[in-house]
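How does one read cavities, surface patches and unusual backbone angles in a model? The dialogue works through these features one at a time.

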Amino acid sequence: MAVEPAKTAPFRDQFHRVLGVIRRGKLLILACVLLVVVPTIVFLQQATPRYTASAAVLIEAPDATDSLLDRSDMSRTRLNDLMITTEAEVLGSTPLARRVIDKLRLDQDPEFNARLRKPTAFQRVTSWLNPLTWIPDSWRAGRQDEATMTPKVREELQRARVTATFLGRLSIKPKRRSFVIDLEFTATSREKSALIINTLADLYVFDRLEAGFDETKRVNEWLAQRLESLRGDVALAEAAVETYRAENGLRPVGERQGTVANQQLTELNSRLVLARADLAQKQARLDQVRSLSRGGGVATASDVLQSSLIQQLRQREAEVRSALSEAEKTYGERHPKIIGMRADLGQLQSSIGGEIGKIASSAEGDVEIAAIGVRTLEREIVGLRQEGDVQGGAIVKLRELERQADSSRSLYEAFLGRFKRNAEQEQIQRANARLLSPADIPASPSYPRKIPILLVMMVLGFGLGIGLVFLVEGLDGTVHSTDELEALVGLPPLAVIPIVRGRGGGAVVLARPRAPIAHAFRNLRTALTLNGEETRRRIVMVSSSVPKEGKSFVSLGLALTYARAGERVLLIDADVHRSSLAATIGIDGTRGLAQVLRGEVPLDQVVTRPPGMDLDFLAAGEASAQEELFDAPTLSALLSEPASRYDRIIIDTAPVLAVADARIVAGVADQVIYLVRWGSTQQTAVRNGIKLLRDVRAPLAGVVLSQVDLRRHAVYGYGDYGASYGRYQDYYAE
């Protein structure tokens, strides 16, 4: 349970130490805050207010504008971040800015044209204070003497400056994950800022629309020129086809291209097929007749049976046979009628046989004729095929020419159709961007934001003050508290002696025994008593590092404190080089310790009792700077006799770092009090002085922080016990 306070104590001490540093430097912090805030207030009062108007532009996906393709097969172009960023750059481009400047005549506005602007008194003062204005124009890099410029160059230079001022007031920010671009413009007039930003957005939309018109116009002009060229190409290609066809005897047959020989070959092939079929049929008839002839059944051949003449002859034969059969029944074999009828029958049969023979001979002739026709057709086909092989190359070339003509015709028709559509579309264009949110007149100025700026400058001044305070604290090598003093020299702090303004310490100790200074000396006496051995005969030496640290004041106050406690006290001023105790007490100090050490007078003749003080005093006396009066044996012999008569001998010596007297006196002293002036003595001086005393093995009793400003010490919060003098004034009040 006891570990937690041990952990938090260092942090708490450090926190209080930081607060103490800030409290000590509060005036410096306040000065820094005022140094920053006051000019800021003056600037804010003199600054011209500016107003920022905002607008939003929506970028829409543009329609595909390829005039060579069919729009029915195209979709809207898909937007991406690169396109939005590109449009933002277009909005902030110099040509668009100059169009706004020309339309609103901003080059005649003193806000944008510095040459028309009259500087205010505050601007003249700040310009004069700016070191850059002290540099001659001829020394500045890139600054050309305008007197040598042509009027056109000066005009362009001035135009560029106005444009740069305009673009410096313009802010363009594409919104993330959207197709919206935010526009902001800052001007000294709220109406002007809204007018400028709306004009910029309108001109941007109009510029996109105008760009679409120009693009369509350029495409149409190019299409018209291209159509004329394509029309000539089509005419030349078609003429080449017809010329080649005529030269090679090629002509179109239906939808297919072919030569005359090919057509004749097709016809002959058809005739050959028919001739061969006819030959086969006639050969079959001939074979049938021959077969029946060998078997005697030629009369049953189909041609014989189908012959009308033979049918008539057979019908007459049948009639004759019928009549012969009837006549044989009536007449005899030798009857002339029967003989006649048999003669007629024989004649008929002979006629039928003759006809059948004719039919057989006719079949052989028909076969021979058909075979001759087939052979003739075959010879003609072979000849035509040879001629067709020659004309095949011409057909290939013709087809190539026809394909070129078709390609030229198709391209021409595509261009012609697109030209007609573009001619109709030229009257209807979309800007593909619109003003989504026009700018309203701003109600309050955007610059200067007085309260935020003032707060920031106050914080800046406060931070600067704190930094300077800690810097001064770090650079300050003096001692401000008993804790610092103890850590510096490793000796216990005996007391904190407040500073007394006006009369000396002796009067304060005697007249105001309850004052803080009196309590401080009593604390010093108590610390010396508790620190020393149990003896009342003590020789106490008071010294310091450098002069003006209050040695004489502390020596007198300590002596009076011991005397008030009932002790017999001898106060010795051993600073023979710069004595001040005699003047403080109000007695003559021309004769004293210096004369005793030289042996000019005895000790009893120069020891006096100051009026109103219950102690004896030995002044320093007069001595030259080169004179060496002090040595350990002489001092020891000198103090041996008064040490038996006094309870305390207080010796005020010279500073340790100034002369060697203090180190000699320290050799005969029982206790050495080392004074350090609060907020004045450097720590290096304290360390060196203590080191010199330690080298001679001086009996260092402790250190005393002298001339402490109790009020500042208490307010600054150094944290030692000396702060109680300032905090509890009522407790010490009489």
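What follows is a tutorial dialogue on a predicted model.

Q: How many cavities of 30 Å³ or more does the structure hold?
A: Rolling a probe the size of a water molecule over the atoms shows where empty space is left. In this model the count is 1 cavity of 30 Å³ or more. The space in the largest cavity comes to about 60 Å³.

Q: Which residues line the largest cavity, and how do they divide into nonpolar, polar and charged?
A: The lining consists of Ile572, Ala574, Leu593, Phe630, Leu635, Leu638, Leu639, Ile651, Val665 and Val668. By class, that is 10 nonpolar residues, with no polar and no charged ones.

Q: Which helix gives the most to that lining?
A: Helix H20, residues 632-645, gives the most, with 3 residues.

Q: Which residues form a nonpolar patch on the surface?
A: Leu27, Leu30, Leu34, Val38 and Val42 form such a patch, and together they have about 460 Å² of accessible area. Valine 42 sits in helix H2, which spans residues 26-46.

Q: Why does valine 42 count as partly exposed, and why does valine 542 count as buried?
A: Buried means under 20% relative accessible area and exposed means over 50%, with partly exposed in between. Valine 42 has a relative accessible area of 40%, so it is partly exposed. Valine 542 is at 0% relative accessibility and therefore counts as buried. Valine 542 belongs to strand S8, residues 538-544.

Q: How far apart are valine 542 and valine 703 in sequence and in space?
A: In sequence they are 161 residues apart, while their C-alpha atoms are 9.9 Å apart in space.

Q: Where is there a cis peptide bond?
A: Most residues other than glycine have a negative phi, and most peptide bonds are trans. Here the bond from tyrosine 447 to proline 448 is cis, with omega near -5°. Proline 448 is in the loop between strand S6 (433-437) and helix H12 (450-475).

Q: What is phi of arginine 697, and what is phi of glutamine 707?
A: Arginine 697 has a phi near 55°, a positive value in a residue other than glycine. For glutamine 707, also not a glycine, phi is positive at about 50°.

Q: Where do these two residues lie, and is each buried or exposed?
A: Arginine 697 lies in the loop between helix H22 (683-695) and strand S14 (700-708). Its relative accessible area is 77%, so arginine 697 is exposed. Glutamine 707 lies in strand S14. At 18% relative accessibility, glutamine 707 is classed as buried.

Methods
Residues numbered from 1 in each chain as written. Predicted model: local features only at pLDDT ≥ 70, side-chain atom pairs only at ≥ 80, totals over all residues. Heavy atoms only, no water. 1 Å grid on protein atoms, 1.4 Å probe; cavity = no way out; pocket = protein on both sides within 12 Å on 5 of 7 lines; lining within 4 Å. Points joined across faces, edges and corners; volume = space filled by probe spheres on them. Helix = DSSP H or I, 4+ residues; strand = E, 2+ residues; numbered from the N terminus. Nonpolar A, V, L, I, M, F, W, Y, C, P; charged D, E, K, R; others polar. Patch = residues over 30% accessible without salt bridge, like charges linked within 9 Å, V, L, I, M, F, W, Y side chains within 5 Å. Areas by Shrake-Rupley, 256 points an atom, 1.4 Å probe, with all protein chains shown as cover. Salt bridge = Lys/Arg side-chain N within 4 Å of Asp/Glu carboxyl O. Buried < 20%, exposed > 50% of the residue type's maximum accessible area, 1.4 Å probe, protein only.
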